[in-house]
Amino acid sequence: VLSKWNDSTMLRLCGALRFLVRDFNLNGVTRSLCTSSTPLKCAQTLPGQEQTIVDASRAAAYSEELEEQNGVFQQEQVESFSNGESLPRHYAPPPIEVWVRSFETGEKTGIMKLNNLVFGARPRLDIMHRVVVWQRAKRRAGNAKVKDRGEVAGGGRKPWRQKGSGRARHGSIRSPLWRGGGVVHGPRGPVSYDYPLPKKVRNYGMRSALSVKFSQGDLRVVDALHMRSHKTRDMQALVERWGWSSALLVDGGSPQIDLCRAASNMEAVEVLPSIGLNVHSMLLRPTLVLSVGAVHMLEQRLLASM
């Protein structure tokens with residue numbers, strides 16, 4: 001495994017971890033990782049070639065400076081220079097710019113910057129699957145229940161005497177052997193199928209779903225989710241004007257009452273507050289429509305729990 005390490009991994013261990021790692025030799029290749037408070041250089045020596053990578057003090061200073069600015073240590077890229085020197089680059093990913101449109105007219109009203117950690121994360125289908133399974137398990141009612149022989153009405157008298165009749169012995173006509181009797185080994189609800197899921201997994205599932213919607217072009221940002229009428233025909237005309245087959249509308253606070261009334265009779269439209277947005281609902285609808293307030297609240301909530 002160690003022989004497959006590349007220069008980027010070596011630099012990360014040298015600049016970010018800053019601790020002494022043993023020297024090892026593999027097929028004539030000597031790699032040394034060293035750190036110290038003094039400017040020591042980490043060198044990678046190849047047969048017939050010598051290359052200076054970077055000194056640990058520069059990497060440490062670069063790391064601490066960016067850590068103070070962003071509050072989060074990030075190391076994603078190694079920048080190479082023409083003289084053969086490479087420096088680990090700690091940076092916050094640039095924001096994503098999207099058009100903000102009017103909800104009723106569809107006209108462009110401005111440009112909004114989206115956080116790349118929320119809307120530009122690397123999608124994880126396995127994480128989204130875990131979150132969806134967890135959500136569906138929480139929603140299960142678990143009310144299935146059957147009656148055993150003691151709960152079925154009747155059957156309190158022995159149907160015939162124990163001996164002498166020539167028939168099989170029975171003590172109740174509500175035995176599981178009888179038609180109309182009790183059921184054995186059946187569901188005994190109510191049962192809860194809920195189980196805990198780590199908060200970071202739920203957070204990553206939300207960010208993955210939002211990133212998928214943005215990368216596929218199914219994310220729309222509008223100024224505000226407000227309607228002048230509560231009529232369903234007005235909502236239907238608006239949906240046709242946008243060209244949505246099915247859409248999930250997410251507002252920052254409590255959705256407008258007229259908006260909820262107009263969408264309540266439409267199967268293709270669902271309205272949720274930002275606190276109620278979830279992975280399952282996003283995957284059910286092809287189009288996700290967020291208001292500006294919903295974007296701010298989602299970024300604040302998801303970044304705080306990373």
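A salt bridge is a side-chain nitrogen of Lys or Arg within 4 Å of a carboxyl oxygen of Asp or Glu. All the views below come from a predicted model.

**View 1. The salt bridge between E151 and R188.** E151 forms a salt bridge with R188, and their closest N and O atoms are 3.2 Å apart. Both E151 and R188 sit in the loop between α4 and α5, yet the pair links distant parts of the chain, with the two positions 37 residues apart in sequence. E151 counts as partly exposed at 35% relative accessibility, and R188 likewise counts as partly exposed at 42%. Salt bridges that share partners bring K145 together with E151 and R188 in one network.

**View 2. The salt bridge between D194 and K138.** The structure holds six salt bridges, and one of them joins the side chains of D194 and K138 with an N to O distance of 3.5 Å. D194 lies in the loop between α4 (125–139) and α5, whereas K138 belongs to helix α4, so the pair ties together parts that are 56 residues apart in sequence. D194 is partly exposed at 41% relative accessibility, and K138 is partly exposed with a relative accessible area of 42%.

**View 3. The salt bridge between R285 and E270.** R285 forms a salt bridge with E270, with the closest N and O atoms 3.5 Å apart. R285 is placed in the loop between α8 (279–284) and β12, and E270 in strand β11, so that this pair too links distant parts of the chain, 15 residues apart. Because buried means under 20% relative accessible area, R285 counts as buried at 16%, whereas E270, at 23% relative accessibility, counts as partly exposed.

**View 4. The six-stranded sheet.** The strands form an open sheet with the order β8-β7-β9-β12-β10-β11 and with mixed pairing. The edges are held by β8 (108–114) and β11, each of which has a single partner strand, so one side of each is left without a neighbour in the sheet. On average, neighbouring strands of this sheet are turned by 30 degrees against each other, direction ignored. Helix α9 (residues 292–304) lies across β7, β8, β9, β10 and β12, and runs at about 90 degrees to β12.

**View 5. Strand β7 between β8 and β9.** Six bridges join β7 to β8, and these two strands run antiparallel. Strand β7 (residues 96–101) is also joined to strand β9 (residues 219–222), in this case by two bridges and in a parallel arrangement. V100 can be followed in both directions, since this residue stands opposite G110 in β8 and opposite V221 in β9. Strand β9 in turn pairs with β12 in the parallel sense over four bridges, and there L219 stands opposite L288 of β12.

**View 6. Strand β10 and its partners.** Strand β10 (residues 247–251) is mostly covered, with five of its five residues buried. A247, L249 and D251 point one way from β10, while L248 and V250 point the other way. With strand β12 (residues 287–291), β10 pairs in the parallel sense over four bridges, and L249 stands opposite V289 of β12. With strand β11 (residues 269–273), β10 pairs in the parallel sense over five bridges, and the bridge partner of L248 in β11 is E270. Between these two strands the chain passes from β10 through helix α7 (residues 257–264) to β11, in a β-α-β crossover that is right-handed.

**View 7. The nonpolar cores.** In soluble globular proteins, nonpolar side chains tend to be buried together. The largest nonpolar core here has 33 residues, of which L114, F119, L210, L277, M282, L288 and L290 touch the most other members. Helix α5 (residues 199–215) gives the most to this core, with six residues. Leaving aside residues up to four places away in sequence, L277 touches M206, L210, L248, V250, L272, M282, L288, L290, L298 and R301. A second, separate core has 18 residues, including A262, A263, V269 and V289.

Notes: Residues are numbered from 1 along each chain as its sequence is written. This is a predicted model: local features need pLDDT of at least 70, side-chain atom pairs count only at pLDDT 80 or more; totals for chains, interfaces and linings use all residues. Side-chain values use heavy atoms; hydrogens and water are left out. A nonpolar core is a set of buried Ala, Val, Leu, Ile, Met, Phe, Trp, Tyr and Cys residues joined through side-chain atoms within 4.5 Å. Buried means under 20% relative accessible area, exposed over 50%, partly exposed in between (1.4 Å probe, protein chains only). Contact means heavy atoms within 4.5 Å. Two strands pair if DSSP finds at least two bridges between them. A crossover is right-handed if, with the strands pointing away from the viewer, the path from the first strand over the helix to the second runs clockwise. Axes are lines fitted to C-alpha atoms, for helices over the stretch in contact, and angles run from 0 to 180 degrees between N-to-C directions.
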